[in-house]
Amino acid sequence: MKKSLILLLSLVTAALLAAGCGAAKDVPAAPPAAEPEAAQAPEAPRAAVADASQMAPVEDVVDPGLVPVRADALRDGVYDIAVDSSSSMFTVTSCELTVAEGKMTALMHTGGTGYLYIYPGAGEEAAQAAESAWIPYAEDAGGHTFTFPVEALDMGLDCAAFSKKKEMWYDRTLVFRADSLPLEAFRDGVFATAESLGLADGGYTVSVRLEGGSGRAAVESPAALRVEGGRAYAAIVWGSSSYDYMRIDAERFLPLNTEGNSAFEIPVAAFDRALTVYADTTAMSTPHEIEYTLYFDSASIEAAP
């Protein structure tokens, strides 16, 4: 009896184990747990870019007739240079151009504190660029200065400026003016001179183009050209009798005549380059000095008849 009971319990246990194993085979294995996706970094906020309706009127400061002047045309050194800006809201009050190792940089004094960064490109590019690519300001006598890379003079360069108040980028165009540099800043052979052209002492004529002022002034062209001792001098005859002196840098030149249209003789340091001159007019209620540029074309030089 006892043996029969033990045998029966063994048979039942075996059956239950067999059933359990079969059930385990029928249950599908649980799929492996999915790995959590990598967390996506939140997109950095994109600075706004001002559109035309949000900007002051834009002035076209790029003269298509100018030829870009690059660093290899200049001697290494630091020079004061004039900068034209397309916006009255971003003016450069003074600027020092540094030329070194084939590159140019400009330290621009803005005279205000309204901008925190500038960028050498368009506003859309600045907004997408890393902050490390933005050029921060430096303090200078209550204003902000920026050090800007200059690809070339006499060429329109994009410059985005970030407004502290508006917190957006504004598109500007800057032109660093080669005509504001002294002739000594240029390497030999960049511009033609009476000496490099081999002009013998004597009389010649040369075509001259006047720009600047109100656009109503004019000078006679061709102009008489005198060469003496390897230096050239041009007779500038204005279209009116209202000029009482001309000035180049700090040197003044008085009229050659007392009647008729105002005439002056001025030195021509170089041809094929815009030369900045000033002429004082008495045609207004008070005498007024006006800035002009004169361009003497070396290809037009002919011996005087």
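Visitor: Which strands each supply at least two residues of the lining of the largest pocket?

Guide: Those are strand E15 (231-237), strand E16 (243-248), strand E18 (263-268), strand E19 (274-281) and strand E20 (288-296). A strand here is a DSSP run of E over at least two residues, numbered from the N terminus. E19 gives the largest share, four residues. Bear in mind that this is a predicted model, with local features needing pLDDT of at least 70 and side-chain atom pairs pLDDT 80 or more, while totals for chains, interfaces and linings use all residues. Residues count from 1 along each chain as its sequence is written, and side-chain values use heavy atoms, without hydrogens or water.

Visitor: What makes a residue part of the lining of the largest pocket?

Guide: An atom within 4 Å of a pocket point, where a pocket is an open set of points on a 1 Å grid over the protein atoms alone, with protein on both sides within 12 Å along at least five of seven lines. The largest pocket has 39 such residues, with Leu183, Ala269, Ala270, Arg273 and Leu275 closest to its centre. Its space comes to about 990 Å³.

Visitor: And what classes of residue line the largest pocket?

Guide: The lining has 21 nonpolar, six polar and 12 charged residues. Asp, Glu, Lys and Arg count as charged, Ala, Val, Leu, Ile, Met, Phe, Trp, Tyr, Cys and Pro as nonpolar, and the others as polar.

Visitor: Which residues lie nearest the centre of the second largest pocket?

Guide: Asp63, Leu66, Asp179, Glu211 and Ala274, out of 28 lining residues. Strand E13 (208-212) and E20 each give two or more residues to that lining, and E20 gives the most, with five. The pocket holds about 750 Å³ of space, and its lining splits into 13 nonpolar, three polar and 12 charged residues.

Visitor: Why are E2 and E4 said to pair?

Guide: Pairing takes at least two DSSP bridges. E2 and strand E4 (residues 94-100) have four, in the antiparallel sense, so they pass. One bridge partner of Tyr79 in E4 is Leu97. Both strands sit in an open, antiparallel sheet of five, ordered E2-E4-E5-E9-E8.

Visitor: What makes E2 and E8 edge strands?

Guide: Strand E2 (77-80) and strand E8 (138-140) each pair on one side only.

Visitor: Why does Ala303 count as exposed?

Guide: Exposed means over 50% relative accessible area, against under 20% for buried and in between for partly exposed (1.4 Å probe, protein chains only). Ala303 has 57%, so it counts as exposed.

Visitor: Which residues does Ala303 touch, not counting those up to four places away in sequence?

Guide: Gly203 and Tyr204, with contact meaning heavy atoms within 4.5 Å. Ala303 is found in strand E21 (residues 302-303).

Key:
On a 1 Å grid over the protein atoms alone, a cavity is a set of points where a 1.4 Å probe fits but cannot get out, and a pocket is an open set with protein on both sides within 12 Å along at least five of seven lines; lining residues have an atom within 4 Å of a point. Grid points are joined across faces, edges and corners, and a volume is the space filled by probe spheres set on the points.
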